[in-house]
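Work through the exercises below with the model open beside you. Try each task before you read its solution.

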Amino acid sequence: VQLQASGGGLVQAGGSLRVSCAASGRTFSVYDMGWYRQAPGKQRELVATISPSGSTAYPDSVKGRFTISRDNAKSTVYLEMNSLKPEDTAVYYCNTGYYKGSYYYPDYWGQGTQVTVSS
């Protein structure tokens, strides 16, 4: 499985950015997908997941600002980020995974894309 993330960059606080992740090597449409982020010196944090049917989940830290979506025909998952804050600065990683109960377990990871939010 290969996951190729793109679309990161530098944006001012309050701005928007969309990152994408193209998947190959697996039947994309049947898997849960997720985005994590990791800031320097911090643990990796789950920021969004989406099921094959399009059900989404977010932690409170990004709820209402971030939107995850998927295009199964293109085997691509997106993360739209609005009202960005400096604390959103991190490397963003996409992954495939699965839910077991209420917990999401990532299995394959992409290489990450840097998002930097300036104040």
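Two strands pair if DSSP finds at least two bridges between them. Keep in mind that this is a predicted model.

**Exercise 1. Follow the strands from β4 to β6.**

Task: Find how β4, β5 and β6 are linked, and name the turn residues with a positive phi.

Solution:
- Step 1. Start with β4 and β5. They pair in the antiparallel sense, over five bridges.
- Step 2. Pick a point on this pairing. G34 stands opposite T49 in β5.
- Step 3. Look at the turn. The hairpin of β4 and β5 has six residues between the strands, and G41 in the turn has a positive phi of about 80°.
- Step 4. Move on to β5 and β6. Two bridges join them, again in the antiparallel sense.
- Step 5. Return to T49. This residue also stands opposite A57 in β6.
- Step 6. Check the second turn. β5 and β6 form a hairpin with five residues between them, and here G54 has a positive phi of about 100°.

**Exercise 2. Place S51.**

Task: Is S51 buried or exposed? Which residues does S51 contact beyond its neighbours within four places in sequence?

Solution:
- Step 1. Locate the residue. S51 sits in the loop between β5 and β6.
- Step 2. Apply the cut-off. Buried means under 20% relative accessible area. S51 has 12%, so it is buried.
- Step 3. List the contacts. With those neighbours set aside, S51 touches D32 and R70.

**Exercise 3. Trace the salt bridges.**

Task: How many salt bridges does the structure hold? Which residues do they join into one network?

Solution:
- Step 1. Count them. There are four salt bridges.
- Step 2. Take R37 and D88. Their closest N and O atoms are 2.8 Å apart. R37 lies in strand β4 (residues 32–38) and D88 in the loop between β8 (76–81) and β9 (90–100), so this pair ties together parts 51 residues apart in sequence.
- Step 3. Check their surroundings. R37 and D88 are both buried.
- Step 4. Take R65 and D88. Their side chains meet in a salt bridge of 2.7 Å, N to O. R65 lies in the loop between β6 (56–57) and β7 (66–71), so its bridge to D88 ties together parts 23 residues apart in sequence. R65 is buried, as is D88.
- Step 5. Join the pairs. Shared partners link R37, E45, R65 and D88 into one network.
- Step 6. Add another bridge. D60 pairs with K63, with the closest N and O atoms 3.5 Å apart. D60 is exposed, at 68% relative accessible area.

**Exercise 4. Explore the nonpolar core.**

Task: Which residues of the largest nonpolar core touch the most other members? Which element gives the largest share?

Solution:
- Step 1. Name the residues. The core has 27 residues, and W35, I68, V77, L79, M81 and Y92 touch the most other members.
- Step 2. Map the core onto strands. Elements giving two or more residues include β1 (2–6), β3 (17–24), β5 (45–50) and β11 (113–118).
- Step 3. Find the largest share. β3 supplies it, with four residues.
- Step 4. Zoom in on V77. Leaving out residues up to four places away in sequence, its contacts include V19, F28, W35, I50, I68 and C94.
- Step 5. Recall a general tendency. In soluble globular proteins, nonpolar side chains tend to be buried together.

**Exercise 5. Find a nonpolar surface patch.**

Task: Which residues form a nonpolar patch on the surface?

Solution:
- Step 1. Name the members. They are Y98, Y103 and Y105, with about 350 Å² of accessible area together.
- Step 2. Place one of them. Y98 is in strand β9.
- Step 3. Check its exposure. Y98 is partly exposed, with a relative accessible area of 42%.

Key: Residues numbered from 1 in each chain as written. Predicted model: local features only at pLDDT ≥ 70, side-chain atom pairs only at ≥ 80, totals over all residues. Heavy atoms only, no water. Buried < 20%, exposed > 50% of the residue type's maximum accessible area, 1.4 Å probe, protein only. Core = buried A, V, L, I, M, F, W, Y, C linked by side-chain atoms within 4.5 Å. Contact = heavy atoms within 4.5 Å. Patch = residues over 30% accessible without salt bridge, like charges linked within 9 Å, V, L, I, M, F, W, Y side chains within 5 Å. Areas by Shrake-Rupley, 256 points an atom, 1.4 Å probe, with all protein chains shown as cover.
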